[in-house]
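Trainee: May we go through this structure together, beginning with its fold and ending with its symmetry?

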Protein chains: 2
Amino acid sequence: MGFELTVFEGLSAFPVTPSNSDGMVDCDHFGRLVNHLNRDGVSSIGVLGSTGGYMYLTTEERSRAIHTAVDAAGTMPVLAGIGALRTNDVITNVKNAEKAGAQGLLLAPVSYLPLTEADVDSLVQDVVNATDLPICFYNNPGTTKFNLDENQLVRLANAGTIDAVKNPPAPEGDFVGQIDRLRATVPNDFCLGYSGDASIAGALEAGADAWYSVLAGTLPDIAIELWNARNDVNQLKAINERLAPMWKLFDEYGSIRIIHEIADMVGLGNVKLPSPLLPLGTATRQNIEQALNSIEAIEDQFV
Amino acid sequence: MGFELTVFEGLSAFPVTPSNSDGMVDCDHFGRLVNHLNRDGVSSIGVLGSTGGYMYLTTEERSRAIHTAVDAAGTMPVLAGIGALRTNDVITNVKNAEKAGAQGLLLAPVSYLPLTEADVDSLVQDVVNATDLPICFYNNPGTTKFNLDENQLVRLANAGTIDAVKNPPAPEGDFVGQIDRLRATVPNDFCLGYSGDASIAGALEAGADAWYSVLAGTLPDIAIELWNARNDVNQLKAINERLAPMWKLFDEYGSIRIIHEIADMVGLGNVKLPSPLLPLGTATRQNIEQALNSIEAIEDQFV
């Protein structure tokens, strides 16, 4: 590193978004969840990512949520998810995020009909034409069905259209190989970030510029510990070992379903996923409690 | 066959839905497209399926489209897509489809976060609780990321919660095996239907109860020819051979992108997919024209 990177660098904490069964955001509750993340070690707050259920909320509710987050975040930069099925809705989300004071945009190539590489190029260009805010490409094939391959990533990065990437775990866990290949070909100030908490230790050890973290959005302290240990392999492994039972649950049920249960368990309040996404069963909740015990996570700063 | 089947049986024609760049449906144009399908050999009109771009339209626009379709369809039954990411929106779509006079519902388990079998069970039950209309499970893993496996299908069919299935092509093209397995275990009046025009001849030869057809929604005559030949293998193969260049394009680019180009080419008017879905290029359009020549499709009844 040593270059000046974008607002996308560092540990970005992705909170859940409380809403009722009609999809109306509880802004009071959401503001407190965002405020809870304003602490040393967190670099930005990523609202309306997959964890924040952006695709289940209307354009209007998403706008309310971003306003709330920016107010609650204080001096902490807010990154906002702008993805939608239609480009015109994406552009509305861009404008609303700008108005609300978001400092960076998270662009996922959301699809119903799978998108082609050319479709995604056109989407990115339309967003670039609509805003001066920096853009992080939110590469999440498990939800969007589109995988940004390294060639397209390098092309977009060098065209100056995107400033960062939030990649899923590197193929076969080879973060070193992927980061080396990309660093050699993207601009120096391009931010190479990863999501996928369960295998993030590998990305941190390999020198990723950012961790876009589900865990940090609800249990920031343990996530900060892991992030801060990124240059000390032994320490990193020791902390990651405490998290192993949690990562196992993330892998088995998906981090988003698990983190919604955790928010309730640690006293951050009841936050439901929208139907038809069911809550997890009693046995799984017991496993989550055991995983929490092994990391001794107590979010006692929440008010 | 020989049992009394549901409204889902037969050749169901799925038209495109004309809309502007803001997602407002052109009801005049749409009504004419639906009316164009009201002819001998078509059993029902399937509006707001994947071909009809349901996921790119608001609840309100979808309601307008179903009203238009029912008016334009005359005595022809209208089947309406009700899928949405949130169950509360699905239920709103159910109520709107009922009010508009749809005679059957097409329920796709749409997802952003992938759904579990239990999530989908709960979604189906919520729809059943909200309506007396018959339900066809719209099994389309390529867009929903959820594959209804045969065990769950049989369970739902025997619970009386779903009345039909719109399945994608059988695994490895073994329609005979899949239909034999399912017929032996679902109720006699359950409708086993297929989509996937490019391999539909195999389903017809194997005795499928229904063809949910992209082609029929824009080029009904050739689709009716193929459907009517289903009990005459030689005739079926001869017609299917004429369609081979078309099926090749469907496989390569997806039937939905191709059919939008065809609507324009055969004089049904310009119908765009929403951005970021790009139109196909000049070379592909030339291939489509050649495929049209080989089936001699002229939709000269359109006014």
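The following exchange concerns a predicted model.

Trainee: In what order do the strands of chain B close into a barrel?

Mentor: Eight strands of chain B form the closed barrel, and their pairing is parallel. From one strand to the next, the twist averages 25°. The order of closure is S1-S2-S3-S4-S5-S6-S7-S8.

Trainee: Which residue stands opposite B:Ala13?

Mentor: Strand S1 (residues 10-13) of chain B pairs with strand S8 (residues 210-213) of chain B in the parallel sense, over four bridges. The residue opposite B:Ala13 lies in S8(B) and is B:Ser213.

Trainee: Which element supplies the largest share of the side of chain A that touches chain B?

Mentor: In the interface, 27 residues of chain A are in contact with 27 residues of chain B. Helix H3 (87-100), helix H4 (117-130) and helix H5 (141-144) of chain A each supply at least two residues of that side of chain A. The largest share, five residues, comes from H4(A).

Trainee: How many residues of the side of chain A that touches chain B are nonpolar?

Mentor: The residues of this side divide into three classes, with nine polar and three charged. The nonpolar residues number 15.

Trainee: What kind of axis relates the two copies?

Mentor: A turn of 180° with a shift of 0.0 Å along the axis lays chain A on chain B, with an RMSD of 0.0 Å. The copies meet through the same surface, because 100% of the interface residues of chain A are also interface residues in chain B. The superposition thus relates the two copies as by a two-fold rotation axis.

Trainee: Which residue of chain A comes closest to the rotation axis?

Mentor: The distance to the axis is taken at the C-alpha, and the closest approach in chain A is 4.2 Å. The residue is A:Lys145.

Technical notes: Residues are numbered from 1 along each chain as its sequence is written. Chains are lettered from A and ligands numbered from 1 in the order in which they are written. This is a predicted model: local features need pLDDT of at least 70, side-chain atom pairs count only at pLDDT 80 or more; totals for chains, interfaces and linings use all residues. Two residues are in contact if their C-beta atoms, placed from the backbone, lie within 7 Å. Ala, Val, Leu, Ile, Met, Phe, Trp, Tyr, Cys and Pro count as nonpolar, Asp, Glu, Lys and Arg as charged, and the others, Gly among them, as polar. Two strands pair if DSSP finds at least two bridges between them. Axes are lines fitted to C-alpha atoms, for helices over the stretch in contact, and angles run from 0 to 180 degrees between N-to-C directions. Copies are superposed by least squares on the C-alpha atoms of residues with pLDDT of at least 70 in both.
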